[in-house]
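Trainee: Please take a close look at one loop in this predicted model, and then set the other local details beside it. I would like to know where each detail sits and how much of it is covered.

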Amino acid sequence: MYKKLIMKNNKNNLSRPDKHGYYGEFGGAYIPEMLFPNVEELQKKYKKITGENSFKKELSLLLKDFAGRPTPLFHAERLSKEFNTNIYLKREDLCHTGAHKINNTIGQVLLAERLGKKRIIAETGAGQHGVATATVCALRGLECIVFMGAKDIERQAPNVARMKMLGATVIPALSGSQTLKDATNEAIRDWINHPHNTHYIIGSVVGPHPYPDMVARFQSIISKEIRQQLLKETGDRCPSHVIACVGGGSNAAGAFYHFIEEKKVKLIAVEAAGMGLTSGKTAATTQLGTTGILHGSKSLLMQTADGQVTEPHSISAGLDYPGIGPLHANLFKQGRVLFKNATDEEALQAAFHLAKTEGIIPALETAHAFAVLKDISFKKNDRVVICLSGRGDKDLATYMTYL
Amino acid sequence: MNQLEKQFKIKKENLLNIYCTAGYPQLDSTAEVMLALEQHGADMVEIGMPYADPIADGPVIQESNMVALDNGMNLPLLFKQLESVKDRMTIPVILMGYLNPVLQYGIEQFCADASHAGVSGIILPDLPMYQFEKHYKQLFKKNGLSFIFLITPETSEHRIRMADKLSTGFLYAVSASATTGNAVDITSQKRYFEKLKKLQLQNPVMIGFGINNQERFHNACRYAAGAIIGSAYIKMLGTQVPVGDGTKAFISCIKGELPLAC
Ligand SMILES: Cc1ncc(COP(=O)(O)O)c(C=O)c1O
């Protein structure tokens, strides 16, 4: 009876992968042999190391004193009034470096140190993950190399400057579409060529097992805090809705994590529709993607019938990715998370609207989460939490052209 | 026993395996390249199935993949090209590529069509061993296809034995943990290759990655049945010399039949 219960629980648990790293049919580790020793080392050690008391202590101290956690859960009154409901903003934009990305980089740097790695590599799209990685490497005195698509280097200049000031080396990815996908390819190649001293900090819930699970766990602090904060504020730990934007899916994974098994909480992910779902210039993976393999895991991805990955488009560099993490692919397939999308235009409008109504300039990525508010009907008593994944300083150049 | 396995029975040393991306430099180059390699003394050919995100490959092969894709290469077309030369090829043909295009094509159809087109071995570096064993081993066997796994200097003995058990044809020993074309000095890996020799593996070993001249080829052949050359040959093809002449000179050079330092 007891055994049966455990089996049932395992089977039904949507937030964690099985021992091979599969969420349903998605996940796994599709990697060339050259990567195997490093990935296997992580697979074998990540749970043990991150479960140690000394690790947990050091992590929570850095999250508190360096990253500035817990981040506030802000009751957005004017926005609530407008949509005739209760809207709460989880203020990841107030994290040090301006986005949720640092939750993961602090965790992974502490892990890398315990694995004896002295050289850190990362890929970045918007530059937020690159900045977060460079920041924590500077703090700990580690060498840091960030791969960034040549196109993204152009459109996210302030973040490139920040990384350099923090002592990181930024290497342009010149292959393919010169965006996040290609930066990730280059980071993987670098790891193949540096098998001994290097740890690769992937910036989202993508990549071979154990990355999707590891990154989701480091980001799960977001929903852990939401639960505590909401309980304190409203007497109920569960919101009615959680809304988050999805590139690879790390802020969404973090904001959803502790609510995935709470079936009454509606989880809504927002992808970038770019210029529109049928425009050919989009990044709405669940709407247009099919099952395939990219960057070491099986997931949904936008590709041709020949299995070549198609170039995504989004106004926001951080959502400009042709895939989605395997956790999300499964949540989509199982119907646990509702996937919506917002166009470049809608995201821009939402960003300007949030700035004027609540005094917060969001990142372009984050603005996508706000853009779908108008399409959802809320009840007066609903408690809607939006993951405000990052601030918009890095996007000012884009915003300025619309002022 | 397929053609690849037979080749290793006939010839036990100094085997030269040359890689070229299908559809490079021109869409129709595939057949011409294969025939030139056959005519001028390669012992087997490895044809790359172009993929836009080849994470195990260095710049030269990446570029050849992009050119081939721009030329319009894809699997249906490749199988047609392979079939057109099948009767003129006596040396074994191996297909190398990444898993995703194969999955989209349909792996059962892929095996059937490859076999029909005269292919005798498959290399898919991102297909994990346990997945292969669980889902695909029988399928490849049924179609008479060898499946070749990669090992590196970092691969544990336990895993080398596993790769050896699952592989047929040969075992692909990558000369260093590196992407393709990254030059390494084979002699610096002497201990690794000597260790491999001592393991008494069931499959012959072919050494690849970074082999770009006569000296490296011969060094590799001291420790293994032969060696695999990719980036250096692609680079030569990229210089626009006629495929036949270029291939002839390239192979003579590698084998040391020409007194040139090349
Ligand atoms: C502020 C912000 N939000 C969201 C994302 C998208 O990433 P993810 O889906 O992993 O949260 C990024 C990526 O750069 C980002 O900078």
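Mentor: Helices and strands here are DSSP runs, with at least four residues for a helix (H or I) and at least two for a strand (E), and they are numbered from the N terminus. On that basis, N14(B) lies in the loop of chain B between α1 (3-10) and β1. The phi of N14(B) is positive, about 55 degrees, although the residue is not a glycine. N14(B) has a relative accessible area of 33%, and it counts as partly exposed because that value falls between the limits of 20% for buried and 50% for exposed.

Strand β1 of chain B covers residues 15-21, and the loop between it and α2 (29-39) holds P25(B). There the peptide bond between Y24(B) and P25(B) is cis, with omega about -5 degrees.

Chain A offers a counterpart to each of these backbone details. The bond from R69(A) to P70(A) is a cis peptide bond, with omega near -5 degrees. P70(A) is in the loop that runs between α3 (53-65) and β3 (73-75) of chain A. For positive phi, the residue to look at is H295(A), which is not a glycine and has a phi of about 50 degrees. H295(A) belongs to the loop between β11 (290-294) and β12 (297-301) of chain A. With a relative accessible area of 5%, H295(A) is buried, whereas N14(B) is partly exposed.

The cysteines come next. Searching the whole structure gives zero disulfides over all chains. For C95(A), the nearest cysteine sulfur belongs to C387(A) and is 9.1 Å away. A disulfide needs the two sulfur atoms within 2.5 Å, so a pair at that distance does not count. C95(A) is buried, with a relative accessible area of 0%. C245(A) is in no disulfide either, and its nearest cysteine sulfur, again that of C387(A), is 7.2 Å away. The relative accessible area of C245(A) is 2%, so this residue is buried too.

The last detail is on the surface of chain A. L396(A), M400(A) and L403(A) make up a nonpolar patch with about 360 Å² of accessible area together. L403(A) is in the segment that follows α17 (396-400) of chain A. Its relative accessible area is 79%, so L403(A) is exposed.

Technical notes. Residues are numbered from 1 along each chain as its sequence is written. Chains are lettered from A and ligands numbered from 1 in the order in which they are written. This is a predicted model: local features need pLDDT of at least 70, side-chain atom pairs count only at pLDDT 80 or more; totals for chains, interfaces and linings use all residues. Side-chain values use heavy atoms; hydrogens and water are left out. Buried means under 20% relative accessible area, exposed over 50%, partly exposed in between (1.4 Å probe, protein chains only). Patches are made of residues with over 30% relative accessible area and no salt bridge: like charges are joined within 9 Å, nonpolar side chains (Val, Leu, Ile, Met, Phe, Trp, Tyr) within 5 Å. Accessible areas come from the Shrake-Rupley method with a 1.4 Å probe; for residues, only the protein chains shown count as cover. A salt bridge is a side-chain nitrogen of Lys or Arg within 4 Å of a carboxyl oxygen of Asp or Glu.
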